Amino acid sequence: MRKSEKEFTEQNLFNIKKLFYDKLAMNEPPTVTRSDSSFYPPILYPSAPSAQTKKSMNKRKRYRKAIYIPVTAALSLCLVTGAAASVGIIDLSTVLHFLGADRIGILQPVHQVSEDQGIRMEVIGAVRDGDTTEIYVSLSDLTGHRIDDTLDVYDYRVTGGNANNAQIIHYDDANQTAIIRFLIQGKVSKNRITVQINTLMSGTSRQDGYNVQVDWKQLLQEKQNNSYQILERDRISGLGGTTDIQLETDPIPVLHQDVTNIPVSGIDWMHISNIGFVEGKLHIQINPNNEIGEYNHGYFYFTDEQGQKLDIPEYSVSYGHYMKDGVGYGGDYEEFVYDLSAVDNLDKLRIQGSFTSISEVVQGNWKTTFNLSQNALSKTGNIQLDANGGLQANVTLSPVGVTLTGEALSMIRMGGLSIEVHLKDGTKLTGESGFLQLDQDLIKWISPKTIPVNDVSYLLINGEKVTLQDR
């Protein structure tokens, strides 16, 4: 082979590196941020490129003109690819083996890493299906045992979108690694995506059957005499459950704060700060009284004399701040409201509680930024979700799932929704789970399998047919 007359320069090497990373659908090499200067090798991932990546690279070669590279440049390219392999080019089928091959096939590999507080966050792969961004992230504890199968990503931010959800979908006990799926709903104006986590929680335990020791007989005697106040709008931080309250206009009555101090046996992070009837409904107000109370949560429920749990309509409102040792904390009072009008024998009711307690809270700064192009394939339709036409929803089908948007969708119970995706060949995908309430006017169904959008004939949602059109 004839030796090249041109000298191989640093610029040549830069161009080769750029070509390599462009072929991997990445516009920059992997970046690592960490709280110290030590280097941690990848924990989970083999070094070989995925079969999908190889296929994509081979396909691209068919349409390129031949490029002749001097021997020195070719050797340097081998060094570059070898170095890239050593930092862990992601084989998505190995890392996300619990997902179907069809879902893995639409994900773009990312491999962006951030380390802080001895915990390693890696963005593994992602897909954008129009208005929904699905991102898979691994979290590993390099120094302790703070990552477990109860992990909750409590405080996080992903750019683009107005509704977010973060959920653990797989846990590898051997490596103490959790895989988190982020769902971001909303149009993204740029291909640049940033994932940032500020607070992680683990060591979660949930228990039912906490007995609430209240004088039920006295509460019933005082039913018509309790005083209350109307909340100002700027004090309300949350409203949940089943209620017809219009937050913008309707008055929201709550009990006066800190009238009682009733402990709940076995729960040390809060107490009942007031309890009583307001306009015929029972209000139970709690006050988190230490730092961990900001993260723990729970609710009260009712049983009959035989211990059978009763289905009582309820909602909750969060508001205000709490004090401890003369210091104000930015937490909320929580007031649970129960409509007992349909209960015949109130004196036979028993109040119990179901509470989730957190043992580990880790605060830090895990942050990565990456490019993510859009998969714009989708179809649309509309549906009427109730008999009187009050619940109309727009429907969008994408490879990831189905999105419902419309007013008052927060009134729909997720457990009462079902869906069937009917394909042109007569087969269908079904789902009675996978629905997420991402916003009060937005519901997302995540399909267990990637949907071949162009092969879909129609949808059935709660038995109602949805005819689809190209977007």
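These legends go with four close-up views of a predicted model.

Residues are numbered from 1 along each chain as its sequence is written. Because the model is predicted, local features need pLDDT of at least 70 and side-chain atom pairs count only at pLDDT 80 or more, while totals for chains, interfaces and linings use all residues; side-chain values use heavy atoms, with hydrogens and water left out.

**View 1. Glu335, a buried acid without a salt bridge.** Glu335 sits in strand β20, residues 333–338 (strands are DSSP runs of E, at least two residues, numbered from the N terminus). Glu335 is buried (under 20% relative accessible area, 1.4 Å probe, protein chains only), and the nearest side chain of opposite charge, Arg235, is 9.0 Å away. Here Lys and Arg count as positive and Asp and Glu as negative, with His and the chain ends not counted. A salt bridge would take a side-chain nitrogen of Lys or Arg within 4 Å of a carboxyl oxygen of Asp or Glu.

**View 2. What the side chain of Glu335 does meet.** There's a 3.2 Å polar contact with the side chain of Gln285 (a pair of N or O atoms within 3.5 Å; within protein, one must be able to donate a hydrogen and the other to accept it, and residues adjacent in sequence count only if both atoms are side-chain atoms). The backbone nitrogen of Leu255 is also there, 2.8 Å from a polar atom of the Glu335 side chain. Beyond four places in sequence, the residues that Glu335 touches (heavy atoms within 4.5 Å) include Val254, His283, Tyr315 and Tyr319.

**View 3. Two loop residues with positive phi, Gln176 and Glu279.** Most residues other than glycine have a negative phi. Gln176, in the loop between β6 (163–172) and β7 (177–185), has phi near 50 degrees. Glu279 also has phi near 50 degrees, and lies in the loop between β14 (267–278) and β15 (281–288). Gln176 is buried at 19% relative accessible area, whereas Glu279 is exposed at 62% (exposed means over 50%). The side chain of Gln176 makes a 3.0 Å polar contact with that of His145; among its other contacts are Leu139, Asp141 and Tyr171.

**View 4. An open antiparallel sheet of three strands.** The order is β5-β8-β22, with β5 (152–158) and β22 (360–371) as edge strands, each pairing on one side only. Strands pair if DSSP finds at least two bridges between them; β5 and β8 (residues 192–202) have six. Look for Tyr156 opposite Ile197 in β8.

Terms used: Helix = DSSP H or I, 4+ residues; strand = E, 2+ residues; numbered from the N terminus.
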